[in-house]
Amino acid sequence: MNAPVDLAAERPGANKRMKTEAEGEAKMEVIGALEYSNGDLGREAYDRWKTIVPYVYDFFTNHHGQYASLSCRWGKVLSDEKYKARQRIYLSEQYGEQYEIGCNTLLVGTADVVKARVSTGDSLSKFAENGKSPFVKISKRIFLAEEVNKIRELPAHPHIVATATDSPSTYVWNTDRQPDRAKDKEYGRPSVADLILVGHESNAEFSLATSTGGASFCRGDKDGIVLLWSLDDDETKLNGLVAEKLQGRQSVASGSLAGVESPELKPRMRFEGHTAVVNDVCFHPSTSHEILSVSDDRTIRFWDSRKGPGHCEVAKEAHGADITCVDWSAREENLVVTGCGGGIVKVFDRRKLEGAVVELRHHSKSINCVQWCPDRAGVLASSSEDGLLNVWDITKTSARTPDVPPQLMIQHSGHWGEVCDFHWNPHDPWTVISTSNDAQTEHLGAGCVQVWRPSDLIYRPEDEVLKELEEQREKLVTH
């Protein structure tokens, strides 16, 4: 179990952390080139990574579960205290035939995020790789009939989440009023969704997005179709979905709809153009009208519902392999990032789609997720089946070592299996939640969720960092 952070003293970890950082200045030289791939090198590499945790991370916690979690998301901040903030999180549990009991589950919980420069180097290095984290708690379980492959929250209503499963239908949940099924052993009886988005005839397991503003959803499928739904089209359904309670509720065991059938919402618009499965979709960061989709047909397609379903901008042969994931930059709205089955990450400028403006190579297997960092322009992250989560700064051009790309800032290698999903924290700068599927590894437990924040010595301006380290060195010498 992770050593709990001592919150009794004023900034209790600051002096100890700075001493640790000063003593470990030599190890900081390798921060931009962390070459430890657990998926390829196993136990020895993981043990090497653990030795640098106090130098590379400002906060880190590890939470292992019995079942794999394929998706993870941050929710709203529930409390904000002096040394930590408690925040809602959403996870999933993938139930397989190898387990005797259980079912596919949407988990609602909390994570205590320790604030910057509070954790001590000693507490960071003493996490238990096979244990539960004292910082992560599960408060509610919602049962589904199919695997929960992807979870996406509505930022305007963060207690509302949509789930992409192996079903063509998309299930939407009001997590505040859904009953907790933790003690319910009727695994074959799924919870009643608060809304079902219908219209697809085939499924695409991971293709789901929600709009930043308003209440819109989009999803692609195996037939190459992208559908857009908007609750702005149905005020009654929107009010019913976000309401704290429903009138006439009779039984918590029957779901939040008191035993009635879930209402359904038909799509606002249908976009056709892809010739193969749509692997991922995303909205423009500031509007629910523009949508981006990527596919096994190796194209990137820009759709705008205001111009009708027939209007589309296309980047053809954007990758040399199936395009698996995509994200649209909120800080530079003309930039989009994509990942492919060949392990390559590319950045495109939508004003000139002839080719990528940046190409990033430092994964050995397929890319599962890409996301722009909300805290600094030009910074993004990518996770892969190789067990690594790389953080990149595309503005960098000068390499520290010849075999490491100059853009590579951090290589998080704390997971044993493929890193299925991750999410930058929208409320706590540079903090990430990530999840892996460890079922096919030698590691104990099928799933692992980690919450972490890199040391600010990594991403702050170099001259500022060197000045601070020199000041700490002088303090150590004089004492």
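**Close-up views of a predicted protein model**

UniProt, in an unreviewed entry, lists residues 271–304 and residues 360–402 under "repeat: WD". The legends below describe a predicted model.

**Figure 1. The span of residues 271–304, listed in the UniProt record as a WD repeat.** In the predicted model, 56% of this span is strand and 0% is helix. The C-alpha atoms at the two ends of the span lie 10 Å apart.

**Figure 2. The protein chain as a setting for the close-up views.** The chain has 479 residues, and 61% of them count as buried. Its secondary structure includes seven helices and 29 strands. Among contacts between residues at least 6 apart in sequence, 61% join residues that are at least 24 apart. The chain exposes about 19,800 Å², and carbon and sulfur atoms supply 47% of this area.

**Figure 3. An open sheet of four strands, in the order β10-β11-β12-β14.** The pairing in this sheet is antiparallel. Which strands lie at the edges? The edge strands are β10 (208–210) and β14 (269–272), each of which pairs on one side only. On average, neighbouring strands of this sheet are turned by 15° against each other, with direction ignored. In general, the strands of a sheet pair through backbone hydrogen bonds, in either a parallel or an antiparallel manner.

**Figure 4. The pairing of strands β11 and β12.** Strand β11 covers residues 216–220, and strand β12 covers residues 225–230. The two strands run antiparallel and are joined by five bridges. Within this pairing, Phe 217 stands opposite Trp 229 in β12.

**Figure 5. Strand β22 (residues 358–361), with a covered and an uncovered face.** Which residues form each face of this strand? Val 358 and Leu 360 make up the covered face, whereas Glu 359 and Arg 361 make up the uncovered face. Strand β21 (residues 344–349) runs antiparallel to β22, and four bridges join the two. Glu 359 in β22 has Lys 346 standing opposite.

**Figure 6. Two loop residues, Arg 117 and Glu 317, with positive phi values.** Arg 117 is placed in the loop between β4 (104–114) and α4 (121–125). Its phi is near 65°, a positive value in a residue other than glycine. Is Arg 117 buried or exposed? Arg 117 counts as buried because its relative accessibility is 17%, and the cut-off for buried residues is under 20%. Glu 317 is found in the loop between β18 (312–315) and β19 (323–328). The phi of Glu 317 is also positive, at about 45°, although this residue is not a glycine. With a relative accessibility of 55%, Glu 317 counts as exposed, since exposed residues are those over 50%.

**Figure 7. The surroundings of His 415, in the loop between β26 (408–412) and β27 (418–424).** His 415 is buried, with a relative accessible area of 0%. Which side chains make polar contacts with the side chain of His 415? One such contact, of 2.9 Å, joins His 415 to Ser 436. Another, of 3.4 Å, joins His 415 to Gln 450. The C-alpha atoms of His 415 and Ser 434 are separated by 8.8 Å, and these two residues are 19 residues apart along the chain.

Technical notes. Residues are numbered from 1 along each chain as its sequence is written. This is a predicted model: local features need pLDDT of at least 70, side-chain atom pairs count only at pLDDT 80 or more; totals for chains, interfaces and linings use all residues. Side-chain values use heavy atoms; hydrogens and water are left out. Two strands pair if DSSP finds at least two bridges between them. Axes are lines fitted to C-alpha atoms, for helices over the stretch in contact, and angles run from 0 to 180 degrees between N-to-C directions. Buried means under 20% relative accessible area, exposed over 50%, partly exposed in between (1.4 Å probe, protein chains only). Contact means heavy atoms within 4.5 Å. Accessible areas come from the Shrake-Rupley method with a 1.4 Å probe; for residues, only the protein chains shown count as cover. UniProt positions are given in the numbering used here, feature names are shortened, and annotations may be inferred rather than shown by experiment. A polar contact is a pair of N or O atoms within 3.5 Å; within protein, one must be able to donate a hydrogen and the other to accept it, and residues adjacent in sequence count only if both atoms are side-chain atoms.
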